[in-house]
Amino acid sequence: MSSHHIVKEKQEPALFIEELGNFNEELLGQLLEWSPTLLVNAENYDKILSLGLKVDVLVNGTQTETQENTKVIQGPVDALMVAINYLYEEKYPAVNVITRKFDLEKYAGFEDKINIVVFTEMAKHYPIKSGFSVWKPAGSEFLIHGNRYLEVTNLMQDEDEIFKVVNDGFVEFTFSGQPIFISEPI
């Protein structure tokens with residue numbers, strides 16, 4: 001029995017590949033499973049083409065030869081800002097970003113514009129608002145970015161500043177102010 005799904009445009013998060021590095025191919029396949037709009041930083045364009053992927057938007061590219069129907073967008077700032085601004089203007093509700101290193105300062109400020117999840121080789125990083133809760137098995141780990149006072153339930157901090165889930169169940173984060181980023185291993 002096969003199942004066919006119709007995906008409306010912009011229903012799935014777009015995927016922006018800023019830096020692919022040694023990203024897990026299986027996870028890449030999962031992120032591409034529903035054929036999201038694929039944006040690629042020009043520095044990774046040839047590598048993405050070598051994987052046989054169809055690039056929808058090339059960011060800050062100067063390539064004279066591109067795949068058919070690939071849109072090229074340019075901006076005066078780094079590729080991440082150009083890509084996020086493009087997605088925001090095109091009314092995309094969400095984006096997954098693949099990069100080698102998570103730099104909080106690069107992503108802070110976008111959380112009000114678009115739902116963003118940043119994937120690196122070892123973790124996924126995403127903003128949460130106060131009151132965020134999620135069910136996790138005991139032993140699951142979180143890293144909380146920024147030195148903000150917050151209250152957590154069902155979490156214990158270890159000496160490496162990693163928060164571990166104490167018991168199977170919901171974890172909740174409560175704090176004041178702007179959203180904060182958390183990370184969890186993948």
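**Figure 1. Lys 136 and Glu 184 are both buried, and they meet in a salt bridge.** Buried stands for a relative accessible area under 20%, exposed for over 50% and partly exposed for anything in between, using a 1.4 Å probe and protein chains only. The closest N and O atoms of Lys 136 and Glu 184 are 2.6 Å apart; a salt bridge here needs a side-chain nitrogen of Lys or Arg within 4 Å of a carboxyl oxygen of Asp or Glu. The two partners come from distant parts of the chain, 48 residues apart, with Lys 136 in strand E8 and Glu 184 in strand E14 (residues 180-185). Helices (H or I, at least four residues) and strands (E, at least two) are DSSP runs numbered from the N terminus.

A note for all views: this is a predicted model, so local features need pLDDT of at least 70 and side-chain atom pairs count only at pLDDT 80 or more, while totals for chains, interfaces and linings use all residues. Residues are numbered from 1 along each chain as its sequence is written, and side-chain values use heavy atoms, with hydrogens and water left out.

**Figure 2. Glu 18 and Lys 106 join in a salt bridge across 88 residues of sequence.** The N to O distance is 2.8 Å. Glu 18 sits in the loop between E1 and helix H1 (25-32), whereas Lys 106 belongs to helix H4 (residues 104-107). How accessible is Glu 18? Glu 18 is buried, at a relative accessible area of 5%, while Lys 106 is partly exposed at 30%.

**Figure 3. Glu 141 and Lys 164 form another of the 3 salt bridges in this model.** Here N and O are 3.4 Å apart. Glu 141 lies in strand E9 (residues 141-144) and Lys 164 in strand E12 (residues 163-165), with their positions 23 residues apart in the chain. Glu 141 counts as partly exposed at 28% relative accessibility, and Lys 164 is partly exposed too, at 33%.

**Figure 4. Strand E8 is an edge strand of a small group: an open, antiparallel sheet of 3 strands.** The order is E8-E13-E10, where two strands are said to pair if DSSP finds at least two bridges between them. E8 and strand E10 (151-153) are the edges, each pairing on one side only. On average, neighbouring strands are turned by 20° against each other, direction ignored. Axes are lines fitted to C-alpha atoms (for helices, over the stretch in contact), and angles between N-to-C directions run from 0 to 180 degrees. E8 and strand E13 (residues 169-174) pair over 4 bridges, and Lys 136 stands opposite Gly 169 in E13. Ser 133, also in E8 (residues 133-136), touches Phe 170, Val 171 and Glu 172, leaving out residues up to four places away in sequence; contact means heavy atoms within 4.5 Å. Ser 133 is partly exposed, with a relative accessible area of 37%.

**Figure 5. An open sheet of 11 strands has mixed pairing.** Its strands follow the order E4-E3-E2-E1-E5-E6-E7-E14-E9-E12-E11. Strand E4 (71-73) and strand E11 (155-157) are the edges, and the twist averages 25° from one strand to the next. E3 and E4 pair in the parallel sense over 3 bridges, with Val 59 opposite Ile 73 in E4. Helix H1 lies across E1, strand E2 (38-41), E5 and E6, running at about 140° to E1.

**Figure 6. Phe 16 is among the best-connected members of the largest nonpolar core.** A nonpolar core is a set of buried Ala, Val, Leu, Ile, Met, Phe, Trp, Tyr and Cys residues joined through side-chain atoms within 4.5 Å. Of the 23 residues here, Phe 16, Leu 39, Val 59 and Val 95 touch the most other members. Two or more residues each come from strand E1 (14-17), strand E3 (57-59), helix H3 (79-89), strand E5 (94-98) and strand E6 (115-119). Which element gives the most to this core? H3 does, with 7 residues. Beyond four places in sequence, the contacts of Phe 16 include Leu 39, Val 59, Ala 83 and Val 95. A second, separate core of 18 residues includes Ile 17, Leu 32, Leu 53 and Ile 98.

**Figure 7. Residues 1-7 have pLDDT under 50 throughout.** pLDDT is the predictor's confidence in each residue, from 0 to 100. The model has 3 contacts beyond four places in sequence for this stretch. For the protein, the mean pLDDT is 90, and 95% of residues reach 70 or more.
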